[in-house]
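Trainee: I'd like a close look at one strand in this model and at what packs around it. Please start with the whole chain so I don't get lost.

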Amino acid sequence: MSNNLRKLYSDTIKAHNESPVNFEKRPGSAALLKAYNPICGDRFEVFINPMPDNKQSMLKELSFHGFGCAISKASTSVMVKSLIGKSTEDAQKLCDQFLKFVRNDPTVIESPLSDDFVAFSGVHDFPERLDCATLAWKEMKTFLTSVTEPNN
Amino acid sequence: MSFNPRSIKALFPIFSHHPELVYLDNAATSQKPASVIQAMTAFYEKENANIHRGLYSLSTNATGHYEEVRKKVASLIGSTDSDSIVFTKGATESISIVARGFIRSHLNTGDNIVISGMEHHANLIPWQQICKEKGAFLKIIPVDASGNLDLSNLDSLLNTRTRLLAMTHISNVLGTINPIEEIISRAHVKNIPVLMDAAQSAGHYPIDINPFDADFIVFSAHKMFGPLGTGVLYSKKSYRNQIEPLHYGGGAIKNVEYANTEFLDYPHNLEAGTPNISGVIGLGAAIDFIESLDKKATVDHTNELTIYFKEKVKSLTHITLLGNPQKSGSIVSFQAKDIHPHDVASFLANADIAVRAGHHCAQPLLESMGVPAVVRISFAIYNTKEDLERTIEALVDVKKFWS
C-alpha cells in the first residue's frame with residue numbers, strides 16, 4: 001500500500017470518520033449551515049446554537065449530520081470539535097488556519113497547529129480531495145464572517 | 001477472438017504516455033486515437049482558415065472538409081440527408097436548442113413534457129425550466145429497483161397535452177439500454193415527437209434512424225473518440241424550419257439590414273459565429289476510426305468485459321451493484337459497504353485506475369434509488385481483461401485498507 005494513501009487516511013482521520021464528534025441532528029437550532037458539494041453529492045448540515053451575534057459570542061453547541069466521504073466527514077468532525085467553546089473571532093482564525101494549512105498556503109500560520117489539523121497533511125498529495133477537506137470549513141467561515149463583519 | 005484490444009490500445013497515445021493507466025471513465029469522456037489528434041493538428045498546420053467566407057483555396061478546402069463531416073455524421077445515423085445535421089458544442093447545447101429554440105414556443109399552461117427518471121441533468125433541467133416558465137408539467141417515467149424503465153403507465157403519461165418525450169438511449173449511471181424503438185413508436189401513435197439522447201450510445205452502438213425513428217437525436221463527439229467541444233443535433237425534416245437559433249451572428253444569415261435580417265435555412269441558421277472547425281474535423285476522423293472497426297466485435301468485447309466484471313464482483317460481498325438492468329451497455333455503478341465512493345475512487349486512483357465517483361449528473365435518479373453517490377466504471381474498446389483484474393484486485397484491497 002502506498003504511503004501517501006496511508007497519509008491521506010491518517011489514523012486521526014479514520015477515527016473521526018468512524019466516530020465523528022457530535023454527529024447528530026439538532027432540529028430547531030438557531031443556525032443551520034448547509035455544506036453541500038453538488039459535484040459529488042456530499043451533504044452535511046451543521047447545527048449551531050445559540051445564534052452568535054458578535055465577535056465575542058461563544059459557539060456553545062455545535063453538531064453535524066449528513067453524508068460524505070471519509071475526508072469530508074472527518075474534516076467536519078474536526079471542525080465541530082475545534083470550534084466548540086470558541087468565540088466567533090477565534091473560530092474564524094481557526095477556520096483560516098485550517099483552510100490555509102490544507103491548501104498548503106505558504107503564508108501560514110502564526111500559532112501551532114493541533115494534531116487534528118496536521119492529520120490532514122495527506123491532502124497535499126491529493127489536490128482532487130481538497131474540496132472534501134474544506135467543504136464544511138468554507139461554509140463555517142462565511143457564516144462567521146457574517147457574524148463578525150455584519151456590514152461587509 | 002479476432003478482436004484484439006491491445007492493438008486498439010496502441011492507437012491511443014494517452015496509453016503510451018501513461019502505460020500503467022487503467023482508464024474506466026469512458027462514460028465521462030473517451031480517449032482519442034492518434035488519427036483524431038493528427039487530423040486536428042493537420043487542420044491547424046495545413047488548412048486553417050475560416051469557413052463559408054474566404055474566396056481563396058484554404059477557406060474553400062476548410063469549408064469542404066467541414067461539410068464533408070456533416071455527410072459522415074448523417075451517414076453514421078443512417079440519414080442520406082446531410083442537411084439534417086447541426087454542429088453544436090455538445091449534446092447539452094443540442095438539447096437546449098430543441099428546448100429553448102423549439103418546444104418552448106409550443107408549450108402552454110397545462111401542457112406537459114415526459115422524460116424518464118434516469119436522465120442526465122442535461123436532459124432534465126432544460127425541460128424542467130421551460131415547464132416552470134410556462135406553467136407546464138414535467139412527467140417522469142419511473143425507474144424500477146433493477147434499473148429498468150417501468151413502462152406500464154407510459155400510455156397514460158403520454159396524452160394529448162404532451163409536447164415532447166425526451167429520453168436517453170443508454171443510462172449514464174445504470175448502463176440500461178432502454179427499449180427506445182418501442183417507446184418512440186408508442187409516442188408516435190399519439191403524434192408526440194421524441195428526442196433521443198444518444199450521448200452514451202453514439203459511436204459505440206448502432207443509433208440508425210431506421211429503426212430508431214427519433215425526431216431529434218443528440219450526442220457529443222468527445223464520448224465517441226472525438227474531440228471535446230463538438231456535438232451534434234439531428235432533426236427530422238418536418239421540424240427543421242420551426243427551430244429558432246439560440247445565438248445570432250455571422251455565418252447564419254442571407255441578408256442583413258439595420259432593421260431586419262433574413263436567415264439561412266436549417267442547419268446553418270443554428271450555427272452562427274465561427275464554429276469549432278477543427279473539432280468537427282476531429283469528429284470526422286473519429287467516425288472514420290469507428291467505421292474502421294468491426295462493429296460486432298467491439299460491442300461483443302465491451303459486453304464481455306461488462307459481464308466478466310459483474311460476475312467477478314458477485315464474489316465480493318462488500319460490493320453492491322446499483323441495479324441490474326435487463327439490457328445493459330458497458331457502464332456499471334456500485335457501492336462498497338461502509339466506504340464512501342470518493343474514498344473508493346481515491347484508492348483506485350492510487351492504483352492508476354481512473355473511475356468516477358459521485359452522483360454522475362443524475363442526482364434525482366440516485367435519490368430515487370436511495371443512494372447518495374456511487375462509483376461508476378465504464379468500459380471502451382481499449383480496455384482489457386487485465387484492466388478488470390487489476391480493478392477487482394484493488395476492490396479486494398480497498399476493503400482490507402478500511403477494515
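Mentor: Radius of gyration is taken over C-alpha atoms, and the globule rule is 2.2 Å times the number of residues to the power 0.38. For the 403 residues of chain B, that rule puts a compact globule near 22 Å, and chain B has 22 Å, so the two agree. Its C-alpha atoms fill a box of roughly 70 × 55 × 35 Å along the principal axes. Keep in mind that this is a predicted model, in which local features need pLDDT of at least 70 and side-chain atom pairs count only at pLDDT 80 or more, while totals for chains, interfaces and linings use all residues. Residues are numbered from 1 along each chain as its sequence is written, and chains are lettered from A and ligands numbered from 1 in the order in which they are written.

Chain B holds 14 helices and 15 strands (DSSP runs numbered from the N terminus: H or I for helices, at least four residues; E for strands, at least two). As for packing, 49% of its 403 residues are buried (20 or more other C-beta atoms within 10 Å of a residue's own; 12 or fewer is exposed, in between is partly exposed, and C-beta atoms are placed from the backbone).

Now for your strand: let's take β5, residues 162–168 of chain B. Here 7 of 7 residues are buried, so the strand is mostly covered. On one side, β5(B) pairs with β3 (residues 112–116) of chain B in the parallel sense, over 4 bridges (pairing takes at least two DSSP bridges). There, B:I115 stands opposite B:A166 of β5(B). β5(B) is also joined by 4 bridges to β6 (residues 194–197) of chain B, again running parallel, and B:T168 has B:D197 in β6(B) as its bridge partner.

Follow B:L195 next. Leaving out residues up to four places away in sequence, B:L195 touches B:L164 and B:A166, along with B:I95, B:V98, B:A214, B:D215, B:F216 and B:V218 (a contact means C-beta atoms within 7 Å). B:L195 also turns up in the largest nonpolar core, which has 118 residues; B:L165, B:L195, B:I217, B:V218, B:I281, B:A286 and B:V344 touch the most other members. A core here is a set of buried Ala, Val, Leu, Ile, Met, Phe, Trp, Tyr and Cys residues joined through C-beta atoms within 7 Å. Helix α10 (residues 277–291) of chain B gives this core the most, with 9 residues. Another core lies apart from it, with 37 residues, including A:L59 and A:M79.

Carry on past β6(B) and you reach the loop between β6 and β7 (216–220) of chain B, where B:P211 is found. The peptide bond from B:N210 to B:P211 is cis, with omega near 25°. A second cis bond runs from B:Y266 to B:P267, with omega near 5°, and B:P267 is in the loop between β10 (261–263) and α10 of chain B.

For contrast with your covered strand, try B:D352, in the loop between α12 and β13 (353–354) of chain B. B:D352 is partly exposed, with 14 other C-beta atoms within 10 Å, and its phi is near 65°, a positive value in a residue other than glycine.

Note on methods
Two residues are in contact if their C-beta atoms, placed from the backbone, lie within 7 Å.
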